Amino acid sequence: MFRLLLVGLFAYTAYRVAMRIYEEIPGDVRPLAMPGDERRSLRRQSAAMGVEPKR
């Protein structure tokens with residue numbers, strides 16, 4: 001019974017720590033591009049800046 005209480009306390013503490021870390025992450029973080037995707041991301045970046053990409 002005592003071990004079950006300790007396991008529950010450990011699980012709750014781990015959950016609270018994980019939620020605190022999760023809340024500190026800003027919401028505007030973009031995921032990393034996959035390898036080999038550099039040309040597509042550069043094209044998007046140029047289009048967002050209003051510049052035609054040089055080919």
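**A predicted two-helix protein and its nonpolar patch**

The accessible surface of the protein comes to about 6000 Å², and 63% of this area belongs to carbon and sulfur atoms; areas follow the Shrake-Rupley method with a 1.4 Å probe, and for residues only the protein chains shown count as cover. The model is predicted, so that local features need pLDDT of at least 70 and side-chain atom pairs pLDDT 80 or more, while totals for chains, interfaces and linings use all residues. Residues are numbered from 1 along each chain as its sequence is written, and side-chain values use heavy atoms, without hydrogens and water.

The protein has 2 helices and 0 strands, taken as DSSP runs (H or I, at least four residues; E, at least two) numbered from the N terminus. Of its 55 residues, 4% count as buried, that is, under 20% relative accessible area.

Helix α1 holds 23 residues and reaches 34 Å from its first C-alpha to its last, close to the expected 33 Å, which is 1.5 Å times one less than the number of residues. This helix is hardly covered, with 0 buried residues.

Leu9 lies in α1, which comprises residues 2-24, and is exposed at 53% relative accessible area, the cut-off being over 50%. Phe2, Leu5, Leu6 and Leu9 make a nonpolar surface patch of about 450 Å².

Definitions and conventions. Patch = residues over 30% accessible without salt bridge, like charges linked within 9 Å, V, L, I, M, F, W, Y side chains within 5 Å. Salt bridge = Lys/Arg side-chain N within 4 Å of Asp/Glu carboxyl O. Buried < 20%, exposed > 50% of the residue type's maximum accessible area, 1.4 Å probe, protein only.
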